[in-house]
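Visitor: I am new to this and would like each term explained as we use it. Please show me the structure before we start.

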Amino acid sequence: MKQRLPWIISIAILLLYFASNYRKQTPSSEIDYDAFGNTPVHLNGRVQPLDSVARNALLGMRYKRTFIDENGKKTPAIVWLTELMMRPDLAHERPIFRIQDEDVRALLKLPNKPSSRSKVMIALIGPGSDKFYYSFNEIGPSLKTISEQAQQASELEDAQRSRFQKAVITLARALSNYTGLSQSLHHGQVASFTQELNDLERFAAEGIEAVNLRQQGAEYDETAFNQMMSIGFLYQGFEQSAKLLTLPQQTDGQELEWNKTSHVLRQVMREGGASEVVRSYAAVVDSFRTEDSQAFNENVQKLHADLRAVEPSLVHKAGVEQQFNFIEPFYIAATGYVMAFLAVIISWARWPGVMNKAAFGLICACAVIHTIGIMFRIYIIGYAPVINLYSSAVFVGWGAVLLAIALEAMFKNSMGNVTAAVIGFSTLLVAHHLSIGGDTLEMLRAVLDNNFWLATHVIIITLGYSATFLAGTIGFIFILMSIFSRRVDKKTARTFGSMVYGIVCFSTLFSFVGTILGGIWADQSWGRFWGWDPKENGALLIVIWNAIILHCRWGGFVKTRGLMMLAVFGNVVCSWSWFGTNMLGIGLHAYGFMDQAFTYLAAYMLAQALAIGLAAIPTRYWKSQLA
Amino acid sequence: MKPFIRFFSSFELAISCMALGLVLVFIGTIAQVQLGIHGATELYFYSFFLYWEIPGLGVSIPYFPGGYTLGLLLLINLVTALFVRFRYSWKKTGVLLVHLGVITLLVGELISSMMQDDSAMIIDEGGSANYSEDRQVAELAIIDHSYSKESDRVYAFPHEMLENKQDARHEELPFTVSVNRYMVNAEIRRRDDTTPPSDALIVNQGIGLNTYAIPLPKTGKMDDVNRTTAILTVFDNASGEVEGTWLASLGFPQQRFEFQGKEYSMEIRRKRYYYPFEIKLLDFSHDRYLGTNIPMNFSSDIELTHPERGEQREFLIYMNHPLRYDGLTFFQSGFANEDTTTILQVVSNPGRHLPYISCILIFLGLSVQFGIGLLSFTQKRLKKS
């Protein structure tokens, strides 16, 4: 029992953390934001809950999925989105635009804000980024300047834009997204949406008649005509500025048809009345505006019932995605990997057996949570797990963690634990930074829309990346450990050597077969097996490098130390073909172009090069005696 | 002989080839940013050496092995190693299979690089086509419009003839076309008073009276076109008398002229491949995801007619679902004219089956090899504990 205690305690801590994080997702309020966040809408080519819309939108503006309310409390994005859609006057006060570029702030004449942190905290960890947050009302006076500057910048190609111009374009996009969302449920020109619908229904027949009469050149009611025209203009603007598709409708075809809220005008004119869904939306909006929380909650339930009447599975499926948002599996897993890493470090300093077992327990628990996250994504989007750069980062980490767990189960020497923790955390961190671009559950471009190849070529090649990174990370840790500590002896060095060798074999198998399968997919869809496209070349580099490692070892050209150095260089090759090729911005595979990441990539490669350089120091100067 | 064979079958050669290959692929990929994928591929991968031109001397010296050299060396290395060094045993089946797979792969890529033909068939909705056009290569076409009442007769001369300034002649043509100047890529400008004096001014017929061409270097970028251009003189076969000099360029309309009472025209056009069958585009559709510009699907509903075989059938070509017919493959590659014109890529590659074989060999080989390794490793560990 004493042996098991550490890992039972560590997993319990992880689960408690999980539970408290889940609780935090639900705002304590009389208004049932959870239920409203579950409402399905259509955006970016797919149906998603408003909760996801809110999180992704806020991520694009504030670089976080939450905001700080007037009492200084961290609040879920859905609260902000609800306000933005129904009472924009409240939302306009919230400082949610992060403007970090000094030149943009100077252009907009925005003041520097004091940090909310105490002086001690500022001295310790810096002022934080909250001084860069501004509200719509603060930016408001400069909207015209922003759009002019963004217009100028958008005429250049991305590579030629300055940092300032890129920042302006980002801000302009965020603002357009913001206004689009604020106009998605109601145009806000009249106080009561329900009243407006009633008026519309009553007036429609009269107005249409006036328009028809005028067209025929007959006598017509001028007031009714003018009123009809102004409604037409109002709804035209409403239609253009709205971003969300809110109204689903069954059609003869297989798929649901989705329309913006402004479609209600056509409903009234063609069918004489607004649909139940619009009516419910109007009631929700009105009850929020009159701050009647009980009515709001009831109206949301009615709205869901109406949406279910259109298509029974809509609300349920959106609910699954909302649960996925609440659980935040990748965030929890990342935290868990850090805990596991700490446990391994403690195990090295003291209590080796027990703490290493605790670390192993944690890693396994994290792997389960990581897996759950991936399963959720597969269920939500209906595709194999790797569809873009973001999901490849999540998956590379997952594959590496599983392999490392297998290693730890076999060798029980804590190397599997420490590499799992390091790779698991860093890939999820990379994924987090990639997710700031927007919705990561995006739809697939036509050529990728093929589950067979996504499930074979993409998965296999990504597992090849996992294995290459695992081997390289073991090499990296081995080099540091042997040079700076006395933990490694001849026997353990040999064990580490065979671990790396085994992983390199695995990596060769996966990257080789994955690359050829990619060629076959290319032959199927583009008509050539191999086109020397940057991404293909990147994959080829990994295969060649793995083959070089194996031949160097088989030919007896390298022993343990050399093998480790080669494996660490595998990290460089693999990170280049994973991210570097996308930075070239050419070719058919250029699906995730990014430029800011270049610095990080260069720093990572430099670190690997340093490790290789260190390993070149003759072993007699190393702290561990390998010979 | 022995040291020779030992060298070619050595581990060292294999590792060196792979290491050089690694560098080559890397620098070739970086070069694609400047030269375009096609341009860099020709220069780095489908070549024997990379050359460096010594500035001022006009002499090029090879400084790095190209893709063909490394590929062939690796191929020789693999084959000789299999015959000389390899000791066959059950335990080594995996290695053998992998190496056979790599040999197949290299041979397949060699065949593709030499023999793969790539062209585009462009069809409007309701229209049909019985030829495709090469995107890289041009040809000179002389068209006899008075050949018969129903049809014209076309004499096509490959671009190599233009490049080598060979005279274009045919026994059925009463005249010869000689090449004064050839430009693999050019920019066409309007001729006016400021036009610099050059050989462009010898043009005395057709479009070239108002325009002239400035040579440009060849481009290998995906979206750029090499505007192949030539200055051509037509002279009588019998008398040797000069009829006139024309400027012809890719993208110019056909330029008509009369010779001995018969009507002809000339043009430089993309090289055409004619087929004994015809493809008609019934409908092209391009779906996007609702509320976005992300393409969801492109598809061409086509009808294929082969009169000689009495064949006529419909087929839907879409992404990842090409039409394979007569050794050719037709892929959906693009569209134009507001979704009313389809662009099909037509590929013939006699080596296209080899990668499939190689994939199976390598997968089996690596699985067997590492499977055996893993098995013996776990057995050893079990014995220990």
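Guide: Helices here are DSSP runs of H or I of at least four residues, and strands are runs of E of at least two. The model is predicted. By that rule, chain B has 6 helices and 17 strands.

Visitor: How do you know how the radius of gyration of chain B stands against that of a compact globule?

Guide: The rule for a globule is 2.2 Å times the number of residues to the power 0.38. For 385 residues this comes near 21 Å, but chain B has 27 Å. Its C-alpha atoms fill a box of roughly 95 × 60 × 50 Å along the principal axes.

Visitor: What makes a residue of chain B count as buried, and what percentage do?

Guide: A residue is buried if 20 or more other C-beta atoms lie within 10 Å of its own. In chain B, 29% of the 385 residues count as buried.

Visitor: What makes residues of chain B and chain A count as being in contact, and how many are?

Guide: Their C-beta atoms must lie within 7 Å. On that basis, 45 residues of chain B are in contact with 47 residues of chain A. Among the elements that each supply at least two residues to this side of chain B are helix H4 (93–115) and helix H6 (354–384). H2(B) gives the most, with 15 residues.

Visitor: Which kinds of residue make up the side of chain B that touches chain A?

Guide: This side divides into 28 nonpolar, 15 polar and 2 charged residues. Gly counts as polar in that division.

Technical notes:
Residues numbered from 1 in each chain as written. Chains lettered and ligands numbered in written order. Predicted model: local features only at pLDDT ≥ 70, side-chain atom pairs only at ≥ 80, totals over all residues. Buried ≥ 20, exposed ≤ 12 C-beta atoms within 10 Å, placed from the backbone. Contact = placed C-beta atoms within 7 Å.
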